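Please walk through this fold with the model open beside you. The route goes from the sheet outward to the charged pairs.

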Amino acid sequence: MQHFASDNYAGICPEALSALLAANDGHVRSYGEDPWTLRVADRLRELFETDCDVYFVFNGTAANSLALAALCQPYHSVICHQLAHVETDECGAPQFFSNGAKLLAVAGEQGKLTPASIAEVVTRRTDIHYPKPKVVTLTQATEVGTVYRPDELRAIADTARAHGLRVHMDGARFANAVAGLGVSPAEVTWRAGVDVLCFGGTKMGLPAGEAVVFFDRKLSDDFAYRCKQAGQLASKMRFLSAPWLGILEEGAWLRHAAHANAMARRLAAGLAEATGWPALFPVQANGVFVHLPSRVEAGLRERGWLFYNFIGAGGARFMCAWDTAPETVDRLVADIRELATGSE
């Protein structure tokens, strides 16, 4: 049975698995000196159309936390949305790995920061008793399934630059954002003013692994040492990097993301038609948020459906993955329709 609690529930996509198995042949250099890791780094430079530094770590929390630590000192602060993963779901790791840099969480409609909200935080206090803002971190796609358009990113980056701030992007679902926007990866990263991207691989169908991409290469000084100290330097790095080669070389990363997005739109449309209940946020990536009566939520769980209702800004969250089948979406909608009858 397929579920909607998280796109992490899905298995390894065929392209990633094939590349992983191909890498399991013979003896090669370790700690990232293998041909697969070198090829993937070059492939990512081609994808982003720029000469960037690339590092591979095991998971998103490490990627975000180590990247943010590279951008600031312990007495600095990081501006984030109040729903950002770094704020709500990383167990204080950004503060831990930065040796104390404080997260300054602010509100924003549709899970987004704005230039005005960033400027307000930066200018709120400038005395030495307050942690000095140094970084803005954006989530793309956001925790409520919306996406930042290129013009929104440029406006935020311009504000950040005006106040001497760096821009970090948590791209756990970056592929879904790119597929949803129909733009090039460069257009919503370095060309829009992003300094560092944590490019999520796991939710795209990889077994494990995220890529930390520094568009400003000066910022990556000693980053390899941070990875090693944090236990994020894989000795058999090829098993982290090779699956990336599988999804990048023929564009599977974008096809799978587009499919997941399409399944989310199918789900949102089906729910609206079946119940009249609209999505709480625009469906711009692969997540759907909706308020369900408690009877419907309980009924769905009794029928075996798994989903979250403690993530984001309330409501039930349904995440679609690279392998979500149309018939699975339709079965879920049918069950909700049946349970909704007489539920109000």
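What follows is a short tour of a predicted model.

Start with the sheet. Seven strands build an open sheet, and their order is E1-E7-E6-E5-E4-E2-E3. The pairing in this sheet is mixed. E1 and E3 are the edge strands, each pairing on one side only. From one strand to the next, the twist averages 20°.

Now take strand E7, residues 210-214. Five of its five residues are buried, so E7 is mostly covered. Glu210, Val212 and Phe214 point one way from the strand. Ala211 and Val213 point the other way. Both sets are buried. That includes Glu210, a residue to look at in the display.

Which strands pair with E7? One is E1, residues 53-57, joined to E7 by five bridges. E1 and E7 run antiparallel. Within this pair, Val54 has Val213 as its bridge partner. The other is E6, also joined to E7 by five bridges and also antiparallel. Here Cys198 stands opposite Val212 of E7.

Move along to E4 and E5. Strand E5 covers residues 166-171, and five bridges join it to E4. These two strands run parallel. Leu138 finds its bridge partner in E5 at Met169. Helix H7 lies across both E4 and E5, and it runs at about 145° to E5.

Stay on E5 for one residue. Is His168, in strand E5, buried or exposed? Its relative accessible area is 0%. The cut-off for buried is under 20%, so His168 counts as buried. Its side chain makes a polar contact of 3.4 Å with the side chain of Asn64. Asn64 is also on the contact list of His168, which leaves aside neighbours within four places in sequence. Ala67, Leu68 and Leu71 are on that list too. So are Val135, Val136, Thr137 and Leu138. Val196 and Cys198 complete the list. Two residues from the strand pairings thus return here: Leu138, the partner of Met169, and Cys198, which stands opposite Val212.

Next comes helix H6, residues 115-124. Its buried residues are Ser117, Ile118, Val121 and Val122. They share one side of H6, because they cover an arc of only 130° around the axis. The spacing fits a general rule. An α-helix has 3.6 residues a turn, so residues three or four places apart point the same way. What covers the buried residues of H6? The cover includes strands E2 (76-81), E3 (102-106) and E4 (132-139), along with helix H7. H7 is the helix that lies across E4 and E5.

Turn last to the charged pairs. How many salt bridges does the structure hold? There are 22. Three of them deserve a stop here.

Glu249 and Arg39 meet through their side chains in a salt bridge, at 3.2 Å from N to O. The pair links distant parts of the chain, 210 residues apart. Glu249 sits in the loop between helix H10 (238-248) and helix H11 (252-275), while Arg39 belongs to helix H2 (residues 35-48). Glu249 is partly exposed at 41% relative accessible area. Arg39 is partly exposed as well, at 42%.

Arg161 and Asp195 form another salt bridge, with the closest N and O atoms 2.9 Å apart. This pair also links distant parts of the chain, 34 residues apart. Arg161 lies in H7 (residues 150-162), and Asp195 lies in the loop between helix H8 (174-181) and strand E6 (196-200). The two ends differ in burial. Arg161 is partly exposed at 38% relative accessibility, whereas Asp195 is buried at 4%.

The third pair is Asp330 and Arg266, whose side chains meet at 2.9 Å, N to O. Asp330 lies in helix H13 (residues 326-340) and Arg266 in H11, so their salt bridge ties together parts 64 residues apart in sequence. Asp330 is partly exposed, with a relative accessible area of 37%. Arg266 is partly exposed at 36% relative accessibility.

Salt bridges can also share partners. In this model, such sharing joins Asp42, Arg45, Asp51, Asp53 and Arg217 into one network.

How values were computed. Residues are numbered from 1 along each chain as its sequence is written. This is a predicted model: local features need pLDDT of at least 70, side-chain atom pairs count only at pLDDT 80 or more; totals for chains, interfaces and linings use all residues. Side-chain values use heavy atoms; hydrogens and water are left out. A salt bridge is a side-chain nitrogen of Lys or Arg within 4 Å of a carboxyl oxygen of Asp or Glu. Helices (H or I, at least four residues) and strands (E, at least two) are DSSP runs, numbered from the N terminus. Buried means under 20% relative accessible area, exposed over 50%, partly exposed in between (1.4 Å probe, protein chains only). Two strands pair if DSSP finds at least two bridges between them. The arc is that of the directions from the helix axis to the C-beta atoms. Contact means heavy atoms within 4.5 Å. Axes are lines fitted to C-alpha atoms, for helices over the stretch in contact, and angles run from 0 to 180 degrees between N-to-C directions. A polar contact is a pair of N or O atoms within 3.5 Å; within protein, one must be able to donate a hydrogen and the other to accept it, and residues adjacent in sequence count only if both atoms are side-chain atoms.
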